[in-house]
Amino acid sequence: KKNTNLKLLSEIDPHDLTVEGLRSILTNLYFQLPDMKNNIITISGPVPNVGKSFVTIHLAHMIAESGKKVLVIDADLRKGDLHHYVAPDHRQPGFTDALHDEPLENCIYPTRNPNLNIMPTGKFMPHVSELLVKDVTKEMLNTLSSQYDLIVIDTAPVLAVTDAARIMPHSGLNLLVFASGKHDEREIRLTLKRFETAGVNIDGFIFNLIQHSHSYYGNKYKYKYTYN
C-alpha cells in the first residue's frame with residue numbers, strides 16, 4: 001500500500017522548539033505510565049483547529065523513536081486525517097470497520113517507522129458513535145493493548161460531538177489540548193463540564209500555540225507546548 005510523503009516536524013527539524021516542548025511532555029508521560037490502569041492515552045480538545053492531531057501524531061512518533069511499539073488510532077471519525085502523515089493514502093478499512101467485525105489485521109497499517117503502526121478512521125458510518133459505548137469498543141482496545149507498548153488515540157473535539165467522552169473511559173490517561181488565546185472562560189468550563197458529566201477524569205492539559213519571543217532575533221515567534 002502506498003505511503004504519503006508528508007514529513008513530521010520531528011523528522012524535519014528534531015531540534016525545533018516545538019519538538020523540544022513535546023519531549024518535555026513525553027518526560028512527564030513516562031513518569032505516569034507505571035500508575036496508569038492500562039497503556040492507552042487519549043487526546044482530545046474542545047473545538048477544531050487547536051492542534052490535537054498534530055500533538056497526537058508527533059507524540060506517537062517520538063515514543064516509537066525511543067524503541068517502543070506504538071499504535072496510533074485516528075478516532076476523529078468525521079474529520080480525522082492522520083493517515084496523510086504516516087500511512088496509506090486512504091482511511092479504510094480502519095477504526096469504524098474494526099468495530100463492525102472487520103479483522104484487526106486489515107485495519108492496521110505500517111508507517112515509515114517500524115515501531116509505529118496506524119489505524120485510520122475507517123469509512124464514515126452515521127451511527128458509529130453509538131458503538132463507542134458498547135462492549136465491542138472495550139474488547140477491541142483491550143486486544144490491541146496487549147499487542148503494543150503504548151496506544152495513542154486522537155478523538156473528535158468534545159464540544160462538537162460526544163465521541164471523546166465515550167472513548168476516554170477506556171483509557172489509562174486522558175489529555176486535553178487547548179490553543180493559547182483561543183478559548184474564553186465559558187468554553188473552558190463547558191469543556192470540563194462535558195467530561196465531568198460523562199464521568200471522565202482529565203489527567204493533564206497541553207497548551208498549544210504559545211507564542212515565544214526571541215529578543216535577539218527581534219520580532220519573531222516560535223510555537224511551543226507546555227504540559228500541566
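These entries record what I looked up in the structure of one protein chain.

**Entry 1: the whole chain.** I noted at the outset that the model is predicted. I then looked up the secondary structure and found eight helices and eight strands in the protein chain. The chain has 228 residues, of which 50% count as buried. I also looked up the exposed surface, which comes to about 11200 Å². Carbon and sulfur atoms supply 49% of that area. For contacts between residues at least 6 apart in sequence, I recorded that 76% join residues at least 24 apart.

**Entry 2: strand E5.** I turned next to strand E5, which covers residues 150-155. How many of the six residues of E5 are buried? I found that six of the six are, so the strand is largely enclosed by the rest of the structure. A residue is called buried here when its relative accessible area is under 20%.

**Entry 3: the two sides of E5.** I looked up which way the side chains point. In a regular strand the side chains alternate between the two faces of the sheet. In E5, Leu-150, Val-152 and Asp-154 point one way, whereas Ile-151, Ile-153 and Thr-155 point the other way. I noted that all of these residues are buried.

**Entry 4: the partners of E5.** Which strands pair with E5? I found that strand E1, residues 40-44, pairs with E5 in the parallel sense over four bridges. Within this pairing, Ile-40 stands opposite Ile-151 of E5. Strand E2, residues 70-75, also runs parallel to E5, and six bridges join the two. Here I recorded Val-152 in E5 as the bridge partner of Val-72.

Definitions and conventions: Residues numbered from 1 in each chain as written. Predicted model: local features only at pLDDT ≥ 70, side-chain atom pairs only at ≥ 80, totals over all residues. Heavy atoms only, no water. Buried < 20%, exposed > 50% of the residue type's maximum accessible area, 1.4 Å probe, protein only. Contact = heavy atoms within 4.5 Å. Areas by Shrake-Rupley, 256 points an atom, 1.4 Å probe, with all protein chains shown as cover. Pairing = 2+ DSSP bridges.
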